[in-house]
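Trainee: Could you take me through the nonpolar core in some detail? I'd like to hear who sits in it and how the helices around it pack.

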Amino acid sequence: MHESPIIELGGIPIDLSIVLMLIVTCVIVFVIAKLATRNLSVENPGKLQNFMEWAVEFVQNLISSTMDWKKGKHFLSLGLTFIMFIFVANLLGLPFGIVTDYHGAEHAHIFGKEIVSVKEAFEKNPELEEVGVAWWKSPTADASVTMALALIVFLLSHFLGITKNTKNYFKHYFQPYWFFFPINVIEQFAKLLTQGMRLFGNIFAGEVLISVLLKLTALGAAGWVASALGLVVWQGFSIFVGAIQAFVFTILTMVYISQMIESHDEH
Amino acid sequence: MSINIPSFILALIAFVILYLLLNKYAFGPLFSIMEKRRELVMSQMNEAAQTRDQAVAYVEEQKKALEAARKEAYEIIEQSKQTSSKQADQLMAQAKEEAARIKEEAVRDIASEKNKAVQELRNEVGAVSVKIASKLLEKEVSSEGVQEELVDQYLKEVGGRP
């Protein structure tokens, strides 16, 4: 596998590929959203506005399927941002990759800083001839990013639970019996972990398989054909997986929020 | 797999910034436009329902008016029928009366004429008879009064058997 381009900035290890890809993703999402809402019209919406409204309605349906729309409408923007951000992020790694190869720790420099990860790789295994550094990949293929997204959901849902549904929030830890408390606590952290890891695992696996398929080209002509065929199939499937994971992440977000803010007294 | 804490924090910050930007510059206006469209559609639908109700009421009104007009027309026809038949009856009775009167008058006229004629004839015949008798019996008939009485009696007998 390729290394991440990590440099140290004032003692803090910063992954440049993540920085780059986060910026690219945010810019793409914002440009799409801004273009779609540039010439807003009530009577005569343009194609992009129609598409954007379709996406809004999709997320609206998704929210209404998990909670009361009166409570859920505040999360419409959040859901839309999640689904667009994750979808774009998932697809970014598919069309191409940017990899730089370094033949020795002394060559690995960027902006006058040495790339720590490359140096470490050479130190760990001195026989290595070269180390590849991946600059362009899906930001969601990195567990740090997906866990950050999951943490946002975790913090938001618990914050809403504590502030808007205080009694039920604390009561539900001791249900159905008080000794279920540890299990309920574990459940909350399991939710956080699974939500982030599911997204990371799906996208990361997709990228791994793409790089494996690319390595097939080393087998000669037959390898090129197999690689091309495999890539066509796998890239198509990855688009599907990317869309599904964006959807799953968003609906789980809404489910977790609704679990926290809905009181179960009315049953 | 490893969690890189700075990446983690950067992703958090990036996502929050993206959310705030999108919410302010893209989704906010979009949502308000969609809300406006929803309101527009609702108001148009309300308007359409109102117009339909109005139309229904109007049609109902028209139907009632038409019904009333028809009734009135029927009444007028019925009335005129009655009047005309009454008038015809009246005219008929009048005509009959008139005819009867004329006939009566005629009968009366005829009777009076006849009486008059008879009287005249009688007078004339009396006079003529007297003249004839006087011419024939110039000498024999001396007392005029007696003779005349005789003739009258005779003629009465004749007039009684016409």
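Mentor: Sure. The largest nonpolar core has 58 residues, and those touching the most other members are A:F82, A:F85, A:I86, A:L149 and B:F27. A core here is a set of buried Ala, Val, Leu, Ile, Met, Phe, Trp, Tyr and Cys residues joined through side-chain atoms within 4.5 Å, with buried meaning under 20% relative accessible area (1.4 Å probe, protein chains only). Bear in mind that this is a predicted model, where local features need pLDDT of at least 70 and side-chain atom pairs count only at pLDDT 80 or more, while totals for chains, interfaces and linings use all residues. Residues are numbered from 1 along each chain as its sequence is written, chains are lettered from A in the order in which they are written, and side-chain values use heavy atoms, leaving out hydrogens and water.

Two or more residues each come from α1 (16-36), α2 (47-64), α4 (76-92), α6 (143-164), α8 (181-215) and α9 (221-261) of chain A, and from α1 (5-136) of chain B; helices are DSSP runs of H or I, at least four residues, numbered from the N terminus. α1(B) gives the most, eleven residues.

Now zoom in on A:L149. Leaving aside residues up to four places away in sequence, A:L149 touches A:F82, A:F85, A:I86, A:L199, A:F249 and B:F15 (contact means heavy atoms within 4.5 Å).

A:L149 also belongs to the contact between α6(A) and α9(A), where the α9(A) side includes A:F249 and A:Y256. Those residues divide into ten nonpolar, four polar and no charged.

Definitions and conventions. Buried < 20%, exposed > 50% of the residue type's maximum accessible area, 1.4 Å probe, protein only. Nonpolar A, V, L, I, M, F, W, Y, C, P; charged D, E, K, R; others polar.
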